[in-house]
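This report walks through the fold, core, charged pairs and main pocket of one protein. Keep the structure in view while reading.

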Amino acid sequence: MLPGNMASTLLTQYLRGQQGVLEAVKLSPDDIRLTVGEKVQATVTNLLPNGRFAVLIKDQLLDLNLPRNTQPGETLDLTVLAKTPTLTFSLAQAEAKPTLAPPPNVALSKGAAMLSAVLNAPTDGKTAVLQQAQPLFVGAPNSAQLAGQLAGRLAESGLFYESHQAEWVSGQRPLQTLLKEPQAQFNLGAEQTPKGDLPLARQTTAMTADALLLHKKNEDMPPEQAMRQLVRQQIDLLEQRPLIWQGAAWPDQPLRWELELKNEGEAHSEHNPAQQQWQTKLDLTLPKLGELGVVASLQHGQFHLRFNALNADTADLLKQQQASLLERFAAAGLNVVQYQVSNEP
């Protein structure tokens with residue numbers, strides 16, 4: 001299983017290729033000797049390391065996101081759709097081959113049926129929200145541990161379970177951390193105390209899953225509904241929608257956290273982390289400060305901070321504490337180049 005970012009990028013390229021829309025990169029507009037609407041023939045020369053293909057069109061070598069089943073040496077018929085801002089082609093669709101009738105009495109597995117239901121369920125266009133009942137802090141909050149707590153909850157959310165399985169197989173992740181994720185609990189929760197003739201690894205897995213399930217609250221949603229919600233958000237992430245976590249910072253203190261890679265679709269950011277623009281948002285309603293939103297953007301190692309306080313006194317306090325906050329960032333080796341405070345409803 002590929003890491004989250006690479007898997008999302010490759011899947012996006014694959015889907016666009018299957019839709020017949022091809023985007024070329026690594027050429028400036030002055031280099032393009034093509035016209036919109038022109039039909040051209042392209043020869044696939046080889047597969048590139050980034051999962052795209054090198055293609056020769058009118059003696060020009062282009063980098064295209066062709067379907068994954070494309071083979072070097074294959075000839076394709078393309079039509080130029082646009083030259084700016086990105087050189088884009090449409091791929092002539094091959095004649096549909098007759099499909100074989102499915103064999104009788106075929107039934108989907110429980111997992112396949114659940115995936116089918118999730119993919120075919122109507123949506124309102126909104127991004128799925130990952131909800132967790134347990135607060136980040138049981139007692140008094142510790143601001144120095146907030147980032148670690150959020151990262152830990154994200155790692156245990158199940159969003160990257162398949163990648164974590166691959167890490168476990170290769171010895172890069174301990175089994176106990178894998179068993180904290182919802183999929184492991186869902187798959188193994190029905191197992192009772194293992195029998196003596198079971199392999200040791202399975203005994204350990206079953207016992208840990210049973211122990212985890214004993215601590216689940218009675219008001220938790222049914223496991224199958226939780227799995228549908230989780231799969232829905234995995235699909236949203238592959239579609240480059242933001243990750244949204246909603247829970248409690250500490251008891252009776254709601255917290256909404258949003259994380260998004262803003263420029264994942266840009267070619268220059270695919271393989272250069274410094275070019276990637278990350279944005280995170282925190283929404284809180286605090287006892288003394290009132291409603292407060294924080295937006296932090298990171299690119300080229302530089303932070304842009306924006307605070308929005310519904311309470312005017314809170315906005316004034318944030319402005320007064322600007323120097324102190326910037327000192328804390330600097331002490332942590334973080335460079336803040338912009339600091340804004342607003343007071344908007």
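Which residues does Leu 318 touch, leaving aside those up to four places away in sequence? This is a predicted model. In it, Leu 318 touches Leu 292, Phe 307, Ala 309, Tyr 339 and Val 341.

## Cores

Leu 318 belongs to the largest nonpolar core, which has 28 residues. Leu 318, Leu 255 and Leu 305 have the most contacts inside that core. Strand β12 (residues 302-309) gives the core its largest share, four residues. Apart from this core lies another, of 16 residues. Among its members are Ala 42, Leu 66, Leu 87 and Phe 89. In soluble globular proteins, nonpolar side chains tend to be buried together.

## Overall fold

The protein has ten helices and 13 strands. Of its 345 residues, 34% count as buried. Take the contacts between residues at least 6 apart in sequence: 57% of them join residues at least 24 apart.

## A buried leucine in β8

Leu 243 has its place in strand β8. Is Leu 243 buried or exposed? Its relative accessible area is 4%, under the 20% cut-off, so Leu 243 is buried. Beyond residues up to four places away in sequence, Leu 243 touches Leu 154, Leu 159, Leu 237, Trp 257, Glu 258 and Leu 259. Leu 259 is 16 residues from Leu 243 along the chain, yet their C-alpha atoms are separated by 5.1 Å.

## Salt bridges

Side chains of opposite charge can pair when their charged atoms come close. Here the count comes to six salt bridges. Three of these pairs are listed below, with the separation of their N and O atoms.

| Pair | N to O distance |
|---|---|
| Glu 167 and Arg 173 | 3.0 Å |
| Lys 262 and Glu 260 | 3.7 Å |
| Asp 283 and Arg 256 | 3.9 Å |

What does the bridge between Asp 283 and Arg 256 tie together? Asp 283 lies in strand β10 (residues 278-286), and Arg 256 lies in strand β9 (residues 253-261), so the pair ties together parts that are 27 residues apart in sequence. Both partners are partly exposed: Asp 283 has a relative accessible area of 35%, and Arg 256 has 28%. Arg 256, Asp 283 and Glu 258 are linked in a network of salt bridges. Glu 258 also appears among the residues that Leu 243 touches.

The pair of Lys 262 and Glu 260 is split in its exposure. Lys 262 counts as partly exposed, at 41% relative accessibility. Glu 260 is buried, with a relative accessible area of 16%. As for Glu 167, the partner of Arg 173, its relative accessibility is 26%, so Glu 167 counts as partly exposed.

## The largest pocket

How much space lies in the largest pocket? The figure is about 1,700 Å³. The lining has 43 residues. Ser 143, Leu 146, Leu 282, Val 294 and Leu 325 lie nearest the centre of the pocket.

By class, the lining has 32 nonpolar, eight polar and three charged residues. Which element supplies the largest share of the lining? Strand β10 does, with seven residues. Several elements each supply at least two lining residues, including the helices α3 (146-155), α9 (312-320) and α10 (322-331). Among the strands that do so are β8 (243-250), β9, β11 (290-299) and β12. Strand β12 thus appears twice in this picture: in the pocket lining and in the largest nonpolar core.

Methods. Residues numbered from 1 in each chain as written. Predicted model: local features only at pLDDT ≥ 70, side-chain atom pairs only at ≥ 80, totals over all residues. Heavy atoms only, no water. Core = buried A, V, L, I, M, F, W, Y, C linked by side-chain atoms within 4.5 Å. Buried < 20%, exposed > 50% of the residue type's maximum accessible area, 1.4 Å probe, protein only. Contact = heavy atoms within 4.5 Å. Salt bridge = Lys/Arg side-chain N within 4 Å of Asp/Glu carboxyl O. 1 Å grid on protein atoms, 1.4 Å probe; cavity = no way out; pocket = protein on both sides within 12 Å on 5 of 7 lines; lining within 4 Å. Points joined across faces, edges and corners; volume = space filled by probe spheres on them. Nonpolar A, V, L, I, M, F, W, Y, C, P; charged D, E, K, R; others polar.
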